[in-house]
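This report covers a predicted model. It takes up a sheet, one residue within a strand, the nonpolar cores and the confidence of the prediction.

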Amino acid sequence: RLVRGPAAAVILLAALVGRPAYADTLTLAWDPSTDSAVTGYLVYVGVQSGVYSQTFDTGNLTSFAYTSAKAGQRYYFAVASYSAGPTIGVKSAEVSGISNTAPVITNPGNKASDVGQSVSLQLAGSDPDGTPVTFSATGLPAGLILTSTTGYISGAATTAGTYTVTASVSDGVLKSSVTFTWTVNATSV
């Protein structure tokens with residue numbers, strides 16, 4: 001006998017994230033099947049659309065918490081009902097979700113200043129999930145400092161040269177970076 005799938009497509013309910021985290025949780029819920037022969041549900045999980053590497057039996061529960069999600073990885077889910085035998089029904093429509101999206105930072109473009117000249121630069125970065133971010137930078141010219149909580153760079157360079165600066169933004173789990181050049185010119189006497 002053919003067992004009908006869940007009455008509605010799987011619905012991605014929430015991404016529950018702990019900071020700092022090594023594994024996040026993606027929670028799914030679906031409508032129960034209207035077929036009285038259905039005794040349970042299988043949840044299929046994969047990292048590629050239509051390719052499921054894991055299957056979980058939820059019994060007669062109509063929700064599932066995937067607790068092994070890697071931050072920033074997209075996961076694909078489908079659900080199928082089953083009845084005695086077991087006879088497995090057709091998979092539901094697929095849904096996908098990401099447990100934690102990487103923060104973004106805007107490249108400020110190449111910069112130039114003179115030795116001893118007071119400069120400032122506001123880095124622009126944010127987290128699509130709304131998590132507070134912190135900033136960091138390597139390769140800044142000597143004399144310039146970065147405020148990690150705001151992304152504000154200020155000061156006066158002390159040494160002429162061309163510096164490759166890598167600026168980063170982090171949400172505490174994932175990090176994004178951009179690279180730009182800061183040229184410091186010697187002052188003429």
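## Sheet, cores and confidence

An open sheet is formed by four strands, ordered E10-E17-E16-E13, with mixed pairing. Its edges are strand E10 (111-114) and strand E13 (134-138); each has a single partner strand, so one side of each lacks a neighbour in the sheet. From one strand to the next, the twist averages 30°. In general, strands of a sheet pair through backbone hydrogen bonds, in either a parallel or an antiparallel way.

The edge strand E13 runs antiparallel to strand E16 (residues 161-170), and five bridges join the two. Within this part of the model, Thr138 lies opposite Thr166 of E16.

A separate strand, E4 (residues 54-59), holds Thr58. Thr58 has a relative accessibility of 11% and therefore counts as buried, since the cut-off for buried is under 20%. Leaving aside residues up to four places away in sequence, Thr58 touches Trp30, Tyr41, Val43, Ser63 and Phe64. One of these, Tyr41, is 17 residues from Thr58 in sequence, with the C-alpha atoms 5.6 Å apart. The Thr58 side chain also reaches the backbone oxygen of Leu61, at 3.1 Å. The two distances from Thr58 are of separate kinds, as the table states.

| Pair | Kind of distance | Value |
|---|---|---|
| Thr58 and Tyr41 | C-alpha to C-alpha | 5.6 Å |
| Thr58 and Leu61 | side chain to backbone oxygen | 3.1 Å |

The largest nonpolar core consists of 18 residues, and Ile153 and Trp182 have the most contacts inside it. Strand E11 (118-122), E16 and strand E17 (175-185) are the elements that contribute two or more residues to this core. E16 and E17 are also strands of the open sheet described above. A second core, separate from that one, has 14 residues, including Phe64, Tyr66, Ala69 and Tyr75. Phe64 is also among the residues that Thr58 touches.

What does Ile153 touch, not counting residues up to four places away in sequence? The contacts of Ile153 are Val119, Ser120, Leu121, Leu123, Leu140, Leu144, Ile145, Leu146 and Trp182. Trp182 is thus both a contact of Ile153 and, with Ile153, one of the residues with the most contacts inside the largest core.

The chain has a mean pLDDT of 88, and 87% of its residues reach 70 or more. Over residues 1-21, pLDDT stays under 50, although the model has 70 contacts beyond four places in sequence for this stretch. Where pLDDT is low, predicted coordinates should not be read in detail.

Methods
Residues numbered from 1 in each chain as written. Predicted model: local features only at pLDDT ≥ 70, side-chain atom pairs only at ≥ 80, totals over all residues. Heavy atoms only, no water. Pairing = 2+ DSSP bridges. Axes fitted to C-alpha atoms, helices over the stretch in contact; angles between N-to-C directions. Buried < 20%, exposed > 50% of the residue type's maximum accessible area, 1.4 Å probe, protein only. Contact = heavy atoms within 4.5 Å. Polar contact = N/O pair within 3.5 Å; in protein donor to acceptor, adjacent residues only side chain to side chain. Core = buried A, V, L, I, M, F, W, Y, C linked by side-chain atoms within 4.5 Å. pLDDT = per-residue confidence, 0-100.
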